[in-house]
Amino acid sequence: MQVIIDKNAGVCPGVDRAIHIIEDVLEENRTITALGPIIHNRYEIDRLSQLGMKTREQSILEKNGDFEPLRKEKLFIRTHGIPKRNYEKLKAEHLNVIDGTCPIVRRLQKRVERYYENGYQIVIVGKAKHPEVIGLLGYCDDTGIVILDEFDFDKIDFSKKSVLVSQTTISQQKFFEIKEKLSPLMNDLEIVDTTCKHINKRHDHLMEFSKNVDVVLVVGGKTSSNTGVLYGICSQANSRSYRIESAGEIRLNWFHEEDIVGITGGTSTPNWQLELVRDYLQKYSPLRGFNK
Ligand code: SF4
């Protein structure tokens, strides 16, 4: 059995930036407290926690007048960003904040705010409970309409001047499908494709990668929206695709002796996790008579 790691896998620039900021602070022997889990990957969070990172529930920002426990801490805003009201609270309280919001998400927040101020109804293709979407809604006074498919169209006021944007990690294909269905129904609809280009590039490549191997393992957090999208692409191209969070979930009866196994991961899955999965397969495959 041959095992190869997708050379385009690994964390995206936004997550890479966040991890480096945290590591730099910790290396200087200072402490840092993330507001909410920094990414959808509990293994990377565990690694950073062992280096000294703390995590607090972001809901602490929603409580009024209870900032005392935060005063001595350096607070880190995760890649997904936070609602504007929470930014303003942190500023008003003069808390020590490092903003790890991905610059692409930040640009989207500003865009949503600008359209909202200009009287547009904001329609977001995304998942209502995703932290990035919760953050975006905070830039239009929580008036935005979140849709995932045409069954959500009845939430939209078709008579209003509107703009259609997307959560960055939604697949571009899905965004275009919704755009095609919604456009004929609205007279005054602006469309801004805000899907992340780093992910889009990866999608094209992943289709080819999945076709060229016998089995695909997609490594990523169970709650990672992006890992789910990537897994969908791999499954379309290769029916022997499996989504796992760690090597412990691998079942050796997924493989045959002569298989080429491809390992890829979500945008919040660092290379070290992919290497662990590769090492696991290379270590255990001889038990089943592989590598003869
Ligand atoms: S997926 Fe794109 S938008 Fe999201 S954190 Fe990564 S680089 Fe930023």
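Helices are DSSP runs of H or I that are at least four residues long, numbered from the N terminus. In this predicted model, Q172 lies in one such run, helix α6. The residue is partly exposed, because 17 other C-beta atoms lie within 10 Å, whereas a count of 20 or more would be needed for a residue to be buried. When neighbours within four places in sequence are left aside, the contacts of Q172 are with D193, T195 and N200. E275 is separated from Q172 by 103 residues in sequence and by 29 Å in space, taken from C-alpha to C-alpha.

Helix α6 (172–182) also contributes to the largest nonpolar core of the model, to which it supplies at least two residues. This core comprises 26 residues, and the members that touch the most others are V112, I122, I124, V125, L136, V163 and L164. Besides α6, the elements that each supply at least two residues are α4, β6 (121–125), α5 (131–137), β7 (145–147) and β8 (162–166).

Strand β8 is mostly covered, with five of its five residues buried. S162, L164 and S166 point one way from the strand, while V163 and V165 point the other way, and all are buried. In a regular strand, the side chains alternate between the two faces of the sheet. L164, one of the core members with the most contacts to other members, touches V123, V125, K179, L182, L189 and I191 when residues up to four places away in sequence are not counted.

Strand β8 has β6 among its partners, and the two pair in the parallel sense over five bridges. Within this pairing, Q121 stands opposite S162 of β8. Strand β8 also pairs with β9 (residues 189–191), again in the parallel sense, over three bridges. Here S162 stands opposite L189 of β9.

A separate description applies to the open sheet of four strands in the order β3-β2-β4-β5, in which the pairing is parallel. Its edge strands are β3 (54–56) and β5 (96–99), each of which pairs on one side only. From one strand to the next, the twist averages 30°. Strand β4 (residues 74–77) is joined to β5 by four bridges, and the two run parallel. F76 has I98 of β5 as its bridge partner.

A34 belongs to strand β2 (residues 33–35) of this sheet. The residue is buried, because 23 other C-beta atoms lie within 10 Å, and the threshold is 20 or more. Apart from residues up to four places away in sequence, A34 touches M53, T55, F76 and R78. D99 is 65 residues from A34 in sequence, yet the C-alpha to C-alpha separation in space is 10 Å.

Another open sheet is formed by four strands in the order β1-β12-β10-β11, also with parallel pairing. Strands β1 (2–5) and β11 each have a single partner strand and stand at the edges, so one side of each lacks a neighbour in the sheet. Neighbouring strands are turned against each other by 20° on average, direction ignored. Strand β10 is joined to β12 (residues 260–265) by five bridges, and the two run parallel. In this pair, V218 stands opposite T264 of β12. Helix α9 (residues 271–284) packs on the sheet and touches β1, β10 and β12, its direction making about 160° with that of β12.

On the other side of strand β10 (residues 215–219) in the strand order, four bridges join β10 to β11, and these strands run parallel. V216 has S241 of β11 as its bridge partner. Strand β11 (residues 241–244) has a covered face made up of S241 and R243, and an uncovered face made up of Y242 and I244.

The ligand is surrounded by 14 residues, of which C12, G14, C102, T168 and C196 are the closest. Two or more residues of this shell are given by each of α1 (13–27), α4 (103–117) and α7 (197–211). The largest share, three residues, comes from α1. By residue class, the shell divides into eight nonpolar, six polar and no charged residues. Helix α4 thus appears both in the shell around the ligand and among the elements of the largest nonpolar core.

Conventions: Residues numbered from 1 in each chain as written. Predicted model: local features only at pLDDT ≥ 70, side-chain atom pairs only at ≥ 80, totals over all residues. Near = placed C-beta within 6 Å. Nonpolar A, V, L, I, M, F, W, Y, C, P; charged D, E, K, R; others polar. Core = buried A, V, L, I, M, F, W, Y, C linked by C-beta atoms within 7 Å. Buried ≥ 20, exposed ≤ 12 C-beta atoms within 10 Å, placed from the backbone. Contact = placed C-beta atoms within 7 Å. Pairing = 2+ DSSP bridges. Axes fitted to C-alpha atoms, helices over the stretch in contact; angles between N-to-C directions.
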